[in-house]
Amino acid sequence: MRNTWTIAKREFVHYFVSPIAYAVAVLFLSILGLLFVANVNNVAQQGGSPSISFVFGPLTTLLLFFAPVLTMRLLADEQSKGTLELLLTAPLQEWELVVGKWLGAWLFGLCLLATTTIYAVILYAYGNPDTGVVYAGLLGLALLIGAILAIGVFASSVTGNLIASVAIGYAFVLTIWIIGFAGQVVRVLFGGNQVIATVTEYIDFAGHFSNTFNRGIIDTTDIVYFVSVIAITLFLATRVVEARRWR
Amino acid sequence: MKAIAVCACYVKKNLTDNFKKDNMIQVEGLTKRYGSRLAIDHLTFHADKGEIVGFLGPNGAGKTTTMRILTGYMPASEGKAIVAGRDVFTDSLEARKRIGYLPETVPLYTEMSVWQYLDFMGELRQLPNRDDRIEEVMESVHMTDRADSLISNLSKGMRQRVGLAQALLHKPEVLILDEPTIGLDPAQVRDVRELIRELGGERTVMLSTHILSEAQAICNRVLIINKGKILAEDTPDRLRARLSGGDRVGVKVMGDGAGLTEALNKVPGVTAVHPIKDGEYEIDAAPGGNIRPEIAKAVVNGGWNLMELKAMGMSLEEIYLQLVREEAEEEEAQNA
Ligand SMILES: Nc1ncnc2c1ncn2[C@@H]1O[C@H](COP(=O)(O)OP(=O)(O)OP(=O)(O)O)[C@@H](O)[C@H]1O
Ligand SMILES: [Mg+2]
């Protein structure tokens, strides 16, 4: 456990000296800012009350594109630079390494998420947003970020190449997104209670956030879903790192 | 009679116990296949406490592979390896705690400073009094003044020393160093060898090298390995004595020494005469019996002026090349 923390700390600090992480953060926050201004403006002109969910909704989509970039080097770099040899010959277990990598990335993700509370502050200053949505949304996003980053860690474990790592990360994340999208199409075409639609929506991230957390509802099903995604992908990544020894 | 047998038994048991206790590295039948390629082939060797063992072999001999198995980086296909009393396969974590390893590639986090890097590695090793220990180790590799330098700005030799510092941090019982002096300038090579020699006696060191003079200079024992097999194993001195077979004698005469080759060939016991340059010869003689007086007589009686006459052992360099060559010839013979 202590080793996990050692690894996590190093990764977390590394994000603050890495130009790529800065680029991602700046791009991410500016796009979010633009969306916020546009959405709030829109709603205000129609006489509605702006909600934080206008920020959190698009944020989930943005994450799909930014998360694999944040995680790409976590294990891929260790492999290509040979430092994995150092870690695997230190008294450190594979799961400690993998969980540590993920934890470092997640903490950085939470920092990014924390900056979005500025929008909540703005809404409170000029309006009367639903506090439940703010808290539930933040909790849901923290879980969602954890899940996407875990998939990124897995993508990073299977290759020593950064580009391949990002590509594999996108492949996974977009596949999950497309499955959810297909479910919605089925629902629109064939009506409400399709089994396929229910299943695909269960697999997709978005359904576990937009229908519940982003409406101020905290449902244990969704928490179980995100925690399972994190646990399963990190378990698989651990197995991949273990299997490296046998090559 | 019975009493003697019991006694002998007791002594024998005691001996094996001692043998095990002092054996810091014990390898039996270690084999590694990469797919169908056999990288190491049933290696068996050991290293005692305080010994410096050199692993000597040409490229692709299997040195790095063996070291990677000993350090727990990868499993063997077959065989057994015990380091510091722990089985590296079944008790890997405990074995790894007792091993310091400098990999061939000297993996470092180049975006970190020397201090940050050692601090990170020390934290992974869960060192007590980390700061003090890092300072100590930096002193022993002469890097104290570069503590805050980024590793990406260090020269190859300095990186090598940072890698060495990392291996020493946790005062490991066994040090495994894969080509520790490669890429260093002569002064640094001397420093690092000095450091390794200091470490031996207290810790067990296993190092690999292509450089024979290095093995000769710092190792108590040398294992010569080629194509995954151990060809020879002994102290550098005894290896030389054992393998040189016959004597080699160097002769130097005044002038160009015309006709001397023929005269020397006539001396009984001489098997070959190698002219080195004008007036200088090296003579191979059959083992046993000192032929130097005979050679001196032949030279003087033939009217040459003898300048120098010396006994020369075969250098480790020659032994090594000879062993590798013999092995290749044997293989050819088998294939033919
Ligand atoms: N990861 C690998 N996959 C496949 N074959 C490998 C791998 N690593 C090493 N080999 C092969 O195993 C053999 C032994 O290699 P090894 O690296 O152990 O040699 P070495 O003695 O360290 O050589 P050098 O002096 O060049 O460092 C070589 O034939 C090499 O090609
Ligand atoms: Mg090697």
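User: How many residues of chain A are in contact with chain B, and how many of chain B with chain A?
Analyst: The model is predicted. Contact here means heavy atoms within 4.5 Å. On that basis the two sides of the interface are 24 residues of chain A and 27 residues of chain B.

User: What area is buried between chain A and chain B, and which three residues of chain A supply the most of chain A's part?
Analyst: The buried area is about 2,500 Å², with carbon and sulfur atoms giving 59%. Of the area that chain A buries against chain B, 28% comes from three residues, more than from any other three: E85(A), L86(A) and P91(A).

User: How many salt bridges cross the interface of chain A and chain B?
Analyst: K9(A) and E123(B) form a salt bridge through their side chains, at 2.7 Å from N to O. Across the interface of chain A and chain B, the number of salt bridges found is three.

User: Which element gives the largest share of the side of chain A that touches chain B?
Analyst: Two or more residues each come from α1 (2–17), α4 (73–81) and α5 (83–88) of chain A. The largest share is seven residues, and the element that gives it is α1(A).

User: Which residues coordinate the magnesium ion (ligand 2), and is each buried or partly exposed?
Analyst: The ion is coordinated at 1.9 to 2.7 Å by OG1 of T64(B) and, listed twice, OE of E104(B). T64(B) lies in helix α2 and E104(B) in the loop between β6 and α4 of chain B, 40 residues apart. Because buried means under 20% relative accessible area, T64(B) at 18% is buried. E104(B), at 36%, is partly exposed.

Technical notes: Residues numbered from 1 in each chain as written. Chains lettered and ligands numbered in written order. Predicted model: local features only at pLDDT ≥ 70, side-chain atom pairs only at ≥ 80, totals over all residues. Heavy atoms only, no water. Donors = N, O, S within 2.8 Å, 3.2 Å for Na, K, Ca; no water. Helix = DSSP H or I, 4+ residues; strand = E, 2+ residues; numbered from the N terminus. Buried < 20%, exposed > 50% of the residue type's maximum accessible area, 1.4 Å probe, protein only. Buried area = accessible area lost by both parts, 1.4 Å probe. Salt bridge = Lys/Arg side-chain N within 4 Å of Asp/Glu carboxyl O.
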